[in-house]
Each structure stands twice: as structure tokens, then as C-alpha cells.
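Pull up the model and have a look around with me. Below is an informal tour of some helix packing, ring pairs and backbone oddities.

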Amino acid sequence: MEEKIRTRILRAIKEKVFPGCVVGVVRKSGEVLVLPFGQFTYEADLPKIKEDTIFDVASITKSIPTACLALKLIDEGKLKLEERLIDFIPEFKGNYREEIKIKHLLTLTLEFKLNNLSSYKNEPAKKILERILTADLKKPPGEGFLYANSASILLGSVIEKITKEKLDELAVDSFFEPLKMDRTIFWPLKKFDKNDIVPTENDGWRGGDIQGEVHDESAYVFMKAGRTVGSAGLFSTVPDLLKFLEMLLNEGALDGHQYFSPKMVHSMHSNQLGSLDQYHGLGWELYQPHYMGQYCTEETFGKTGFTGCVVMCDVSYGVGMVMLSNTTYPKRKPRQEHINSINEVRRDIADIIFRPRS
């Protein structure tokens, strides 16, 4: 398996899918494999990627920690799936406001009439938030699936209202510190040197290499205003994320600490959208062969990040995988080309890792 992973990733680097990558595998037993490849950029004199190199994991933030923090609150009886968004965020003024529930935020079944939030990158954070809070829906909640940052930003706000803690601080207290995820953080430059963090893109709007600051444009606007949002902004490493997956593989428990009930972990990899002919668990993407590969099952759950990252877990196999890269460097490709090229690598690596052992 190790040699097959190495061959595939080195081919991707040669094809300039990304300059650097780390692949990790964890089994329920705690057996771990971490393989680093390449370097920070294609320039020959820049640092080589190490096992614990820090990456911007982009939309993985939506699941780890945002959705998982909400699921933990549900486990603890502090939040309910059937509670309404406006019970926590009464400022939301869009249509169907009385009908939007927490379960819709966790399953992305809200079709907002909003452009991609990154298109508002030249507006202040207050204005972007106002757009979200006044956005109408195209159809009633639960009747359509739409992958959008807005739902995760609203979910993050709900979490902060309930706990009266900032999202980034709550994530440290709830998961990162007890799991010893010591290189997982929302504000990496407060603790780490730039040489610990791979750049994500050379961007004219930002004035050069984006390194140690969140790549996602709308999350960047919020973080410049001092606010963490639930849609993007987390930085992490493969070993750290493997710890989180090992905990999920063990029914929400690790090293004597119970983070989730087994029932809650089951809900993460149980389809919530059968009536829509879609697959999505609570807070996690589910059964997506286009990046999870041919051996994924209807219980394979995971999350991707635009920067070139993926986490994936299958309890039935007892295996989890993490692949972190900076495929957006030095410049992102046209959207469909970008998605196709990184998903091909994700699929191939997943097929190597999840291929049933004879």
C-alpha cells in the first residue's frame, strides 16, 4: 500500500496537480501511517513537506470542528435537531424563517438565493453577514440540497450563541486539546512560523502568497474583522486529523474520553436525505464515489477542502484516511478542471487505502 501511494502522489506532483502533499491512514486499532511528499512550492529551494506540516484545510472546517461541535451539543441535550434557527438567530429575516431548523443546517438542505460568498470579498464582514441574514430561499427548507458556506456560518453562530464561547476557542476546549491535536488552529500565525505552513495561492487581490491566512475569501474578510466562521479557516496536519478520525472509528471514544455517543457517530454516516435521492449524513458528506473511490460504501463519510484536502472514514472497514495538499498553488485552475484533477488523485488514493484486503 505504501509503495502504491508513493507512486501515485509522485505522479501527481510531476503532473503539477500540487507541489506538496501528506497522506495518512489510521485503523481502528490505532495503527497509523503518515507519508509526506514534495515541497511547499515548485521552486527548488523551498522547504520540503514533513509529516506534521500545517495546511489550510478549507471546507473540512465545516465538519471538523463546526458540525461536530453542534452534534456534541445535541448529544449533551443543549441543542435539538428540530429547533428553529430563529430561536437562536432571530436576526435572520429571509423567507421561510419560521421553518428553518438545525437539521437543515447540518444537512445543507437550504437553497439560498445568494451568489457564492467569495464574490462579495470586497465588502466588509458586516455587509456579508447582512446578506446571509436577509437571504431568501428558492424553495422550502428540506426540499433541496445546496452546498453553500452560508449554512455553516449560521451553524457556527448558533453554536456561539448557545455556548457563549467563540467557535475557535470552543473547538480547542472540546476537541483539539483533549485529543492532543497540538498543530490544529484557526489563527496559525499566533503560534507557528510561516515556514511551518504551506502557501495556498499567489493572489493579486491579497498581494502575493497566501500563507498562514485562510484561503477562502469570505472567511478571510470575517477573520480580518476578528471573527472566526464555521465555513473555513481551520489549519491542521495529517497526524492531528487522524486522531480525530480514530476517535470516530471507535464510536466517539479515544484514550478514555467519550466525545460522542455511538448513536451520534452512527448519525454521521447514516443517510439523512433518502427522500431527496441524495446522500448526506449529519454534518458529513456521505457516499461520494467521485472522490471517495470505487470501494466506498453507503456509510463512507468524509469532507473535502477546496485547497486540495480530504478526510474520509468508514466504520465498517475500520479505516480512515487524510490527504492534505495545496493544489491551488501557485494559481487555482478553472473550477471544473480544478475539481476533476484533485478528485482523480483523491479517488486513486482512496482506492488504494480502502481496497478490501484478501
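What follows is a walk through a few spots in this structure, which is a predicted model.

**Two helices side by side**

Let's begin with a helix pair. Two packed helices are described by the angle between their axes and the distance between the axes. For helix α2 (residues 63-75) and helix α5 (residues 149-163), that angle is about 40 degrees and the axes are 9 Å apart. An angle like that makes α2 oblique to α5, and the crossing of the two is left-handed.

Which residues do the touching? On the α2 side they are Thr66, Ala67, Leu69, Ala70 and Leu73, and they meet Ser152, Leu155, Gly156, Ile159, Ile162 and Thr163 of α5. Sorted by type, the residues of this α2–α5 contact come out as seven nonpolar, four polar and no charged.

Helix α2 also holds Pro65, and the peptide bond leading into Pro65 from Ile64 is cis, with omega near 15 degrees. We'll come back to cis bonds further down.

**A helix tucked inside**

Now turn to helix α7 (residues 217-224). Is it enclosed or open? Seven of its eight residues are buried, so α7 is largely enclosed by the rest of the structure. The buried ones are Glu217, Ser218, Ala219, Tyr220, Val221, Phe222 and Met223. They pack against α4 (125-133) and against α5, and α5 is also the packing partner of α2. Just past the end of α7 you'll find Gly226, which takes a positive phi of about 85 degrees.

**Rings that pair up**

How many aromatic pairs are there? The count comes to seven. Take Phe175 and Phe244: their ring centres are 5.3 Å apart and their planes sit at 75 degrees, so this pair is edge-to-face (the cut-off is over 60 degrees). The pair links distant parts of the chain, with Phe175 in helix α6 (residues 167-176) and Phe244 in helix α8 (residues 238-249), 69 residues apart. Phe175 is buried, at 0% relative accessibility, and Phe244 is buried as well, with a relative accessible area of 0%.

A second pair joins Tyr317 and Phe354; it is tilted, at 5.9 Å from centre to centre with 45 degrees between the planes. Tyr317 sits in the loop between β11 (309-314) and β12 (319-325), while Phe354 belongs to helix α11 (residues 335-354), so this pair ties together parts that are 37 residues apart in sequence. The two partners have their own surroundings: Tyr317 is partly exposed, with a relative accessible area of 32%, whereas Phe354 is buried at 4%.

Ring pairs also build something bigger than a pair: Phe175, Phe244, Tyr259 and Phe260 are linked into a cluster.

**Backbone oddities**

Most residues other than glycine have a negative phi, and most peptide bonds are trans. Here are some spots that go the other way.

| Site | Feature | Value |
|---|---|---|
| Ile64 to Pro65 | cis peptide bond | omega near 15 degrees |
| Tyr329 to Pro330 | cis peptide bond | omega about 0 degrees |
| Lys16 | positive phi, not a glycine | phi about 60 degrees |
| Leu108 | positive phi, not a glycine | phi near 55 degrees |

Where do these sit? Pro65 is in helix α2, but Pro330 is in the loop between β12 and α11. Lys16 is placed in the loop between α1 and β1 (20-27). Leu108 is found in the loop between α3 (102-107) and α4, and at 7% relative accessibility Leu108 counts as buried.

**The start of the chain**

Last stop: Met1, in the segment before α1 (2-14). Is it buried or partly exposed? Met1 is partly exposed, with a relative accessible area of 37%. Leaving aside residues up to four places away in sequence, Met1 touches Val25, Arg27, Leu33, Ile352 and Ile353. Compare that with Gln211: Met1 and Gln211 are 210 residues apart in sequence and 32 Å apart in space, C-alpha to C-alpha.

Notes: Residues numbered from 1 in each chain as written. Predicted model: local features only at pLDDT ≥ 70, side-chain atom pairs only at ≥ 80, totals over all residues. Heavy atoms only, no water. Axes fitted to C-alpha atoms, helices over the stretch in contact; angles between N-to-C directions. Helix = DSSP H or I, 4+ residues; strand = E, 2+ residues; numbered from the N terminus. Parallel < 35°, antiparallel > 145°, perpendicular 65-115°, else oblique. Left-handed = near helix turned anticlockwise from the far one by under 90°. Contact = heavy atoms within 4.5 Å. Nonpolar A, V, L, I, M, F, W, Y, C, P; charged D, E, K, R; others polar. Phe/Tyr/Trp six-rings, centres within 6.5 Å; stacked < 30°, edge-to-face > 60°. Buried < 20%, exposed > 50% of the residue type's maximum accessible area, 1.4 Å probe, protein only.
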